[in-house]
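Ready for some practice with charged side chains? Work through the exercises below one at a time, and try each task before you read its solution.

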Amino acid sequence: MTISGPASNEAYLWRQIPNQGFNLYGQGVVGPGSRETLDRAVNLHAGDGKTTTQIDVLSKPTHINNRWGGFGTDYLMKPGELRMTYGPQSVDWMDARWQKYAKSKGLTQLIDQAGSVDVALMESTHREAIPIGNGQFKPGEYLTGRLRTPGTSITAIKDANIGITIPTEDMTHVLTSEAKAAGVAPTRLKPGMVIAHDALGVYTPPLKTVLKKNQPVDAVGKAVHAKLSKFARLQELAQTYAKEGHISSQSADRFISKAWQYVMKFGKNIKL
């Protein structure tokens, strides 16, 4: 079965990345401009055009709780880096440590904040929030060049398009834009790793982050998002069982690998 997307995909920002051809970096290696990944990338979008985020350019070292990660994953930010405050969020998707904390306090929501060292990315994916009355906002211009001065605080609206590719079996390694610029070797693709494309290049974000922060905008995107969401739940369940001693870590890895093979087979049928 072939899963087809609309021709309007061409209008999305990530589709403007030069599509340079096959096997640019060697057999099995994909990266910036690789036609293998660009031809199979589906549209996901972050931002609803109205929800605001407070972005602060930090003027001193700052600890920021990572609600979505375990111990040791909190953000330790430096001056000039960014803090994003999203407001109250449901604890349902948060890490177990925060679910436990919220339950002990009788809370169903916690303030969600995050840190970012990638100022250019934030400037290219967020617009200034323009007040229109009654506590409502509309998106203004992108924040290009406006997040460079410590102490700056801007209310913004996220408006980011991203292309997500499910690797096929013949894609064994990915050369991210950052690795290419630094002359670093490609990274081996493991079960659960997707390839992302946006205005700033190619990278491999955590699957849980992709699913939490981005939503599909068309039929093919919905199909991919649903398939990846199901895999993420199975992966988390297998890892939890292994951690609790119900199964061995080797059994969990085999289960995850087998489940990912089905996802890759599904992704191979995508034709945009």
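A salt bridge is a side-chain nitrogen of Lys or Arg within 4 Å of a carboxyl oxygen of Asp or Glu. Keep in mind that this model is predicted. By the salt-bridge rule, the count comes to 6.

**Exercise 1.** Find out how far apart the closest N and O atoms of D74 and R97 are, and where the two residues sit.

*Solution.* Step 1: the closest N and O atoms of D74 and R97 are 2.5 Å apart, and the pair forms a salt bridge. Step 2: D74 lies in the loop between β5 (62–64) and β6 (75–77), while R97 belongs to helix α2 (residues 96–105). Step 3: the two are 23 residues apart, so the pair links distant parts of the chain.

**Exercise 2.** Decide whether D74 and R97 are buried, partly exposed or exposed.

*Solution.* Step 1: buried means under 20% relative accessible area, and exposed means over 50%. Step 2: R97 has 14%, so R97 is buried. Step 3: D74 has 21%, so D74 is partly exposed.

**Exercise 3.** Do the same for the salt bridge between E123 and R148.

*Solution.* Step 1: here the closest N and O atoms are 2.7 Å apart. Step 2: E123 is in helix α3 (residues 119–125), and R148 is in the loop between β10 (136–142) and β11 (153–158), 25 residues apart. Step 3: E123 counts as buried because its relative accessibility is 4%. Step 4: R148, at 52%, counts as exposed.

Methods
Residues numbered from 1 in each chain as written. Predicted model: local features only at pLDDT ≥ 70, side-chain atom pairs only at ≥ 80, totals over all residues. Heavy atoms only, no water. Helix = DSSP H or I, 4+ residues; strand = E, 2+ residues; numbered from the N terminus. Buried < 20%, exposed > 50% of the residue type's maximum accessible area, 1.4 Å probe, protein only.
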